[in-house]
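Good morning, and thank you for the time. Please look at the model on the screen while I go through it.

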Amino acid sequence: MKITVIIKLVSVLFTDMLYCFCVIGKVPPSNIIISAPSMNNLPRFQERGVSVTHSNDEVVDRSRLVFLAVKPHLVPKVLNGISGNVTQEHIIVSMAAGITLETLEELLPAGTRVIRIMPNLPCMLLEGALLLTCGSCAGQEEETLLKALLGPCGLVEAGPEPWIDAHVGLSGSGVAFVYVFAEALADGAVKMGMPSALARRIAAQTILGAGVLLRDSGKFPAELKAEVCTPGGTTIHGIHALEKGGFRAATMGAVEAATERARELGKK
Ligand SMILES: NC(=O)c1ccc[n+]([C@@H]2O[C@H](COP(=O)([O-])OP(=O)(O)OC[C@H]3O[C@@H](n4cnc5c(N)ncnc54)[C@H](OP(=O)(O)O)[C@@H]3O)[C@@H](O)[C@H]2O)c1
C-alpha cells in the first residue's frame, strides 16, 4: 500500500515505531516532524533526517496525521493548546493510557477524526501487539491507514473501545506476567541443579519458541499442549502440578485484575 499522508508526531515516544515508518519506507523521514519541550529526545530523531521543533502548533499546521504521545495527565493541556489549529483534514491518534475517545473528542473541535491506539512494550522490537479503536468521526479508511502504518510494529488489530482495557490486561500487563512465568521456569531448573544464567537463557528461548509456534501454526493452545503431552510422560505430570497450583485461574485473574485497574484509571 502506498501511503502519501504526511505523518507528524506531537511528542516523542516509540522511537522504533517511528523508525518503522522511515525504514519500511512508507513515510520518508522528511515527511515527519516531532515536537517536544526540551532537547532531551529530539537529537536522535534529527540524526535520522526527521524535522524537530518545540512548537506543537507547527507540527499540527504542517501535518495531517498527528500522534499524541505525551503522558496522560498532559493530554488536556496539549489538546487545548493545539485545538485551534486542528481541522477536519487532521487525524489525531492518541496513545495515552486511560484517556477515552469521549474525552479526546470533547477537547478537540467537533467532527475531528480521533483514533486511540494501545501498544505494548515489544512494539519497540517490532514484535508488539497493538489494538486501535476509532472515534465517532473516524472509520474504515482511517483504520486501514493506521494498520498499514503501524503493521511493522507487530500485530495490529482494531476493536471497540472497551477492548482497549482488556488489551492492557492481556498484552500491556501480560508482558510482565510472562516475565514472572519465565522467572519461575528458570527457578524450577535452578532448583533441579542448573546454573541460573543458563536456565534464564533457556527459559527465554522456550517462551519465544512456544510463542512463535502458537502464532504461526494457527493451532489452538490446547492442541499444541496435547501434542507435547505423551501419555504418562513428563509434560502431563508437570501440567498436573501447574493445575494443582491454580495456574490457569491465577493467570485469568491477573488479566481480569489488570483490566479492572485500567478501567478504574480511565474513570479518574
Ligand atoms: N511506554 C509504553 O510502553 C506505553 C504503552 C502504551 C501507552 N503508552 C502511552 O504513551 C504515552 C507516552 O509514554 P512515555 O512513557 O513514553 O512518556 P515519556 O517518555 O515521558 O515521553 C513523553 C514525551 O512527551 C513530551 N512532552 C512533554 N510535554 C509535552 C508537551 N507539552 N508537548 C509536546 N510534547 C511534550 C516529552 O518531551 P521531553 O522529551 O522534552 O521530555 C517526551 O518526549 C503515555 O500517554 C502512555 O500512557 C506508553
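Thr53 is in contact, meaning heavy atoms within 4.5 Å, with Ile33, Ile34, Ser35, Ala36, Leu42, Glu58 and Val59, once its neighbours within four places in sequence are left aside. This is a predicted model, in which local features need pLDDT of at least 70 and side-chain atom pairs count only at pLDDT 80 or more, while totals for chains, interfaces and linings use all residues. Residues are numbered from 1 along each chain as its sequence is written, and side-chain values use heavy atoms, with hydrogens and water left out.

Thr53 belongs to strand 3, residues 51-53. Helices (H or I, at least four residues) and strands (E, at least two) are DSSP runs, numbered from the N terminus. Thr53 is classed as buried because its relative accessible area is 10%; the cut-offs are under 20% for buried, over 50% for exposed and in between for partly exposed, with a 1.4 Å probe and protein chains only.

Let me turn to Asn56. UniProt, in an unreviewed entry, places a "binding site" feature at Asn56. UniProt positions are given here in the numbering used for the model, feature names are shortened, and annotations may be inferred rather than shown by experiment. Asn56 lies in helix 3, residues 56-61. Is Asn56 buried or exposed, or partly exposed? Asn56 counts as partly exposed, because its relative accessibility is 23%. The side chain of Asn56 makes a polar contact of 2.4 Å with the side chain of Ser35. A polar contact here is a pair of N or O atoms within 3.5 Å; within protein, one must be able to donate a hydrogen and the other to accept it, and residues adjacent in sequence count only if both atoms are side-chain atoms.

The same UniProt source, again as an unreviewed entry, lists residues 29-98 as "domain: Pyrroline-5-carboxylate reductase catalytic N-terminal". That span is 27% helix and 21% strand, and its end C-alpha atoms lie 30 Å apart.

Next, the strands. In strand 4 (residues 65-68), Leu65 and Phe67 on one side and Val66 and Leu68 on the other are all buried, so that both faces are covered. Strand 4 pairs with strand 5 in the parallel sense over four bridges; two strands pair if DSSP finds at least two bridges between them. Leu68 has Ser94 as its bridge partner in strand 5. Between these two strands the chain passes through helix 4 (residues 75-82), and this β-α-β crossover is right-handed. Right-handed means that, with the strands pointing away from the viewer, the path from the first strand over the helix to the second runs clockwise.

Ser94 itself is in strand 5, residues 91-94. Why does Ser94 count as buried? Its relative accessibility is 1%, and Ser94 therefore counts as buried. The Ser94 side chain reaches the backbone nitrogen of Ala96 at 3.1 Å. Beyond its neighbours within four places in sequence, Ser94 is in contact with Leu68, Leu104, Ile115, Arg116 and Ile117.

On strand 6 (residues 113-118), six of six residues are buried. Arg113, Ile115 and Ile117 point one way, and Val114, Arg116 and Met118 the other way. As a general matter, side chains in a regular strand alternate between the two faces of the sheet. Strands 5 and 6 run parallel and are joined by four bridges, with Ser94 opposite Arg116. The connection from strand 5 to strand 6 goes through helix 5 (residues 101-107), and this β-α-β crossover is also right-handed.

Strand 6 pairs with strand 7 (residues 128-134) in the antiparallel sense, over four bridges. Ile117 stands opposite Leu132, and Ile115 stands opposite Cys134. Strand 7 is largely enclosed by the rest of the structure, because six of its seven residues are buried. Five bridges join strand 7 to strand 8 (residues 154-158), and these two run parallel; Leu130 is opposite Val156. Helix 6 (residues 140-150) completes a right-handed β-α-β unit with strands 7 and 8.

Finally, the overall division. An automatic or database domain assignment divides the chain into domain 1 (7-159) and domain 2 (172-267). Their C-alpha centres lie 33 Å apart, and five residues of domain 1 are in contact with four residues of domain 2. In helix 7 (residues 162-172), Ile164, Asp165, His167, Gly169 and Ser171 are buried. The elements covering them include strand 6, strand 7, helix 8 (174-191) and helix 12 (247-267).
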